[in-house]
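Colleague: I would be grateful for a close look at a single part of this structure, namely the annotated binding site and what surrounds it.

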Amino acid sequence: MSLLITDIGELTTNDPELGILRDAAIVVGERVEWVGPAAQAPAADERLDVRGAAVLPGFVDSHSHLVFAGDRAPEFAARMAGQPYTGGGIRTTVAATREASDERLRANVARLVGEALRQGTTTIEIKSGYGLSTLDEARSLRIAAEFTDEVTFLGAHVKPADSPDGYVDLVTGPMLAACAPYAGWVDVFCERGAFDVAESRRVLQAGIAAGLKPRIHANQLTMGGGVQLAVELDCASADHCTHLSDADVDALAGSNTVATLLPGAEFSTRAPYPDARRLLAAGATVALASDCNPGSSYTSSMPFCIALAVRDMLLTPTEAVWAATAGGARALRRPDLGHLGIGASADLIVLDAPSHLHLAYRPGVPLIRSVVRKGTLQSL
Ligand code: NIG
Ligand code: FE
């Protein structure tokens, strides 16, 4: 089955050769088959005339924590009244998650994945990290894998209050063995109060030995050694990057590690935003992701993250859209995603707007008119 989408006012392809096209059309099966001027479009089985709207790749949200129960609205309210974010509330969510049935966890993931899809997210990475026992981490990952191919084992989120001693041995031993079959990635929260650099290295190296690819929560609350560790281990991505030294910026710029910025977390914790311009000026690759979780960033909205990145991190709207699509794809090492070149996965969104600029220009407005995933129009 092929689908012709035509009368596209502005087509953002993220393809270096194609760039941004006006009065364009695209033909897709599961993958992109043809891109060019609307007047030259070939016939297809079905046709969608978008009447001058903007079309762009679906958002690739490369960082979320969707397997949890409960919420922490009072903690958010306390922060807005001046309390700092420490990560201490993670244990509140761990208690609620352990209590919850599989069905309840699954329903919550389904709700959030649905929310994200309606806001244009066509690929989402989902982490565990609110189980912190072998059983609860494994079931979190099993549930995550029902919703996405990009599943991340984050058993090393924090040390559980009930058994902190020997926790790294558990995460790198029996827990990893039980979890690795459900995951493609391993992650660690490298931070004061969570896991130090030596512990984080052990966690990631054990994951790599078990066949997982590494990524990391780095430099969120302090200027620790997380980013340097990310580069040392060739992590696909170093996430947060809120507090960076010059050496951290240089290390990222000289590496294959993407700097994934999570402005929803700074918004929701009143932390300073990361210096995206400094990273870009140095030559680092920057991605944007939601970090959707009940503590530091309870948003599933990539358009909201784009708006924050433009308003508060000084990305241009075009840079922010690239970071939320092609940047996310790089952070997941998925060359088939985040662009609309020939052969790419046919994941795209149609805006209720004439240009991608409107995503930041009209913050908070539901601009996603249609979503196509692997060539199929989604019901929203
Ligand atoms: O990426 N910082 C570590 N993990 C999450 C927050 C988790 C929580 O507060 O529940 C983050 O911000
Ligand atoms: Fe996170």
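Colleague: Leaving aside its neighbours within four places in sequence, with which residues is histidine 217 in contact? Please describe the rest of the site along with it.

Modeller: The model is a predicted one, and the description below should be read accordingly. Beyond four places in sequence, histidine 217 is in contact with Asp187, Val188, Phe189, Cys190 and Glu191, and also with Asp239 and His240. Histidine 217 itself belongs to strand β12, which covers residues 216-218. It is classed as buried because 31 C-beta neighbours lie inside 10 Å, where 20 or more suffice for that class.

The interest of this residue comes from a record: an unreviewed UniProt entry places the feature "binding site" at His63, His65, His217 and Asp291. These four positions span 229 residues in sequence, yet no two of their C-alpha atoms are more than 12.1 Å apart, so they gather at one spot.

Two of the four share a loop. Histidine 63 is found between β6 (59-61) and α1 (73-80), and histidine 65 has its place in the loop between β6 and α1 as well. Histidine 63 counts as buried, since it has 32 C-beta neighbours inside 10 Å. Histidine 65 is likewise buried, with 28 other C-beta atoms within 10 Å.

Their contacts can be taken in turn, again without residues up to four places away in sequence. Histidine 63 touches Glu125, Asp239, Thr260 and Leu262, together with Ala289, Ser290 and Asp291. Asp239 thus appears among the contacts of histidine 63 and among those of histidine 217. For histidine 65, the contacts are Lys127, Gly129, Cys292 and Asn293.

The remaining annotated position, aspartate 291, lies in the loop that runs between β15 (286-288) and α12 (302-313). Aspartate 291 is buried, with 29 other C-beta atoms within 10 Å. Its contacts beyond four places in sequence include His63, one of the annotated histidines, and Ser64. Leu262, Gly264 and Ala265 are also touched by aspartate 291, as are Ser296 and Ser297. Leu262 is therefore a contact of aspartate 291 as well as of histidine 63, where contact requires C-beta atoms within 7 Å.

The surroundings of ligand 1 can be set beside this picture. Fifteen residues surround ligand 1, and the closest are Ile90, Phe189, Asn293, Gly295 and Ser296. By character, this shell divides into four nonpolar residues, 10 polar ones and one charged residue. Several of the closest residues have already been named: Phe189 is in contact with histidine 217, Asn293 with histidine 65, and Ser296 with aspartate 291.

For the stretch that follows strand β12, glycine 225 offers a contrast in burial. Glycine 225 lies in the loop between β12 and α8 (226-232). It is partly exposed, having 19 other C-beta atoms within 10 Å, whereas histidine 217, in β12, is buried with 31 such neighbours. The C-alpha atoms of glycine 225 and tryptophan 322 are separated by 28 Å, the two residues being 97 apart along the chain.

In short, the record's four positions gather at one spot. Histidine 63 and aspartate 291 are in direct contact there, and histidine 217 sits in strand β12.

Conventions
Residues numbered from 1 in each chain as written. Chains lettered and ligands numbered in written order. Predicted model: local features only at pLDDT ≥ 70, side-chain atom pairs only at ≥ 80, totals over all residues. UniProt positions renumbered as here; feature names shortened; annotations may be inferred. Buried ≥ 20, exposed ≤ 12 C-beta atoms within 10 Å, placed from the backbone. Contact = placed C-beta atoms within 7 Å. Near = placed C-beta within 6 Å. Nonpolar A, V, L, I, M, F, W, Y, C, P; charged D, E, K, R; others polar.
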